[in-house]
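Subject: Structure handover and notes

Dear colleague,

Here is the structure I promised to pass on to you. Please keep it open while you read the notes below.

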Amino acid sequence: MRERRLSDAAAERRLLALVGLGMRARGVVIGVDQVRAAAKGDTLGVVIVAADAARNSREKLLPLLAARKVTVVQGPSAEVLGAALGRGATVAVGVVDRALASGIRAAGVAAVQAVQEDSGE
């Protein structure tokens, strides 16, 4: 599993727009339990985990996602992530639509590259 962090506000806006699009197209699963179920069924392309996710939620998700080699993008806060979906605080969103997952991974790669360039890695 590769965890990616968003580097700037523009990348965060792109991510939230794509996640919102996925919600409307029914290409995402929402919540820790649904993401875990999708991971067990090998249907996930990428998972966005809220930056402020509780340790318990991370412990439930991250080992499973690592075992399944699912890309994890650290997203904004649970409140912001949920608002993009028209819901309350949301800790995890799994993307099951392959094309949408590819777009999110591409946005995440650009964000990671920007973070690495800024930090000199």
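Which residue is the bridge partner of Val-47 in β5? The bridge partner of Val-47 there is Gly-94, and I come back to this strand further down.

First, some remarks on how to read the notes. This is a predicted model, in which local features need pLDDT of at least 70 and side-chain atom pairs count only at pLDDT 80 or more, while totals for chains, interfaces and linings use all residues. Residues are numbered from 1 along each chain as its sequence is written, and side-chain values use heavy atoms, with hydrogens and water left out.

**Overall layout**

The chain has five helices and five strands, where helices (H or I, at least four residues) and strands (E, at least two) are DSSP runs numbered from the N terminus. From the N terminus on, these elements run β-α-β-α-β-α-β-α-β-α. Of the 121 residues in the chain, 45% are buried; here buried means under 20% relative accessible area, exposed means over 50%, and partly exposed lies in between, with a 1.4 Å probe and protein chains only. Among the contacts (heavy atoms within 4.5 Å) with a separation of 6 or more, 81% are made by residues 24 or more positions apart. The chain exposes about 6,200 Å², of which carbon and sulfur atoms supply 48%; accessible areas come from the Shrake-Rupley method with a 1.4 Å probe, and for residues only the protein chains shown count as cover.

**Strand pairing**

Strands are said to pair if DSSP finds at least two bridges between them. β3 (residues 46–49) pairs with β4 (residues 71–74) in the parallel sense over four bridges, and Val-46 stands opposite Thr-71 in β4. Between these two strands the chain passes through helix α3 (residues 55–67), and this β-α-β crossover is right-handed, a term that applies if, with the strands pointing away from the viewer, the path from the first strand over the helix to the second runs clockwise. β3 also pairs with β5, in the antiparallel sense and over four bridges. β2 and β5 likewise run antiparallel, joined by three bridges, and Val-29 has Gly-94 as its bridge partner in β5. In a regular strand the side chains alternate between the two faces of the sheet. Both faces of β5 are covered, since Ala-92 and Gly-94 on one side and Val-93 and Val-95 on the other are all buried.

**Nonpolar cores**

A nonpolar core is a set of buried Ala, Val, Leu, Ile, Met, Phe, Trp, Tyr and Cys residues joined through side-chain atoms within 4.5 Å. The largest one has 17 residues, and those with the most contacts inside it are Val-19, Ile-48, Val-95 and Ile-104. The elements that give two or more residues to this core are α1 (9–24), β2 (28–30), β3, α4 (78–84), β5 (92–95) and α5 (98–119). Leaving out residues up to four places away in sequence, Ile-48 touches ten residues' worth of surroundings that include Leu-15, Val-19, Val-73, Leu-81, Val-93 and Ile-104. A second, separate core of 16 residues includes Val-29, Ala-38, Leu-44 and Val-47.**Helices α1 and α3**

α1 has 16 residues and reaches 23 Å from its first C-alpha to its last, close to the 22 Å expected at 1.5 Å a residue, the expected span being 1.5 Å times one less than the number of residues. Its buried residues include Leu-15, Leu-16 and Val-19. α3 has 13 residues and reaches 18 Å, close to the 18 Å expected; its buried residues are Ser-57, Arg-58, Leu-61, Leu-62, Leu-64 and Leu-65. Leu-65 counts as buried because its relative accessibility is 0%, and its C-alpha lies 9.3 Å from that of Val-46, although the two are 19 residues apart in sequence. Ser-57 is buried too, with a relative accessible area of 15%, and is in contact with Val-32 and Val-91, leaving aside its neighbours within four places in sequence.

**Positive phi angles**

Asp-42, in the loop between α2 (32–40) and β3, has a positive phi of about 55 degrees although it is not a glycine, and at 48% relative accessibility Asp-42 counts as partly exposed. Lys-69, in the loop between α3 and β4, has a positive phi of about 60 degrees and is likewise not a glycine; Lys-69 is exposed, with a relative accessible area of 70%.

With kind regards
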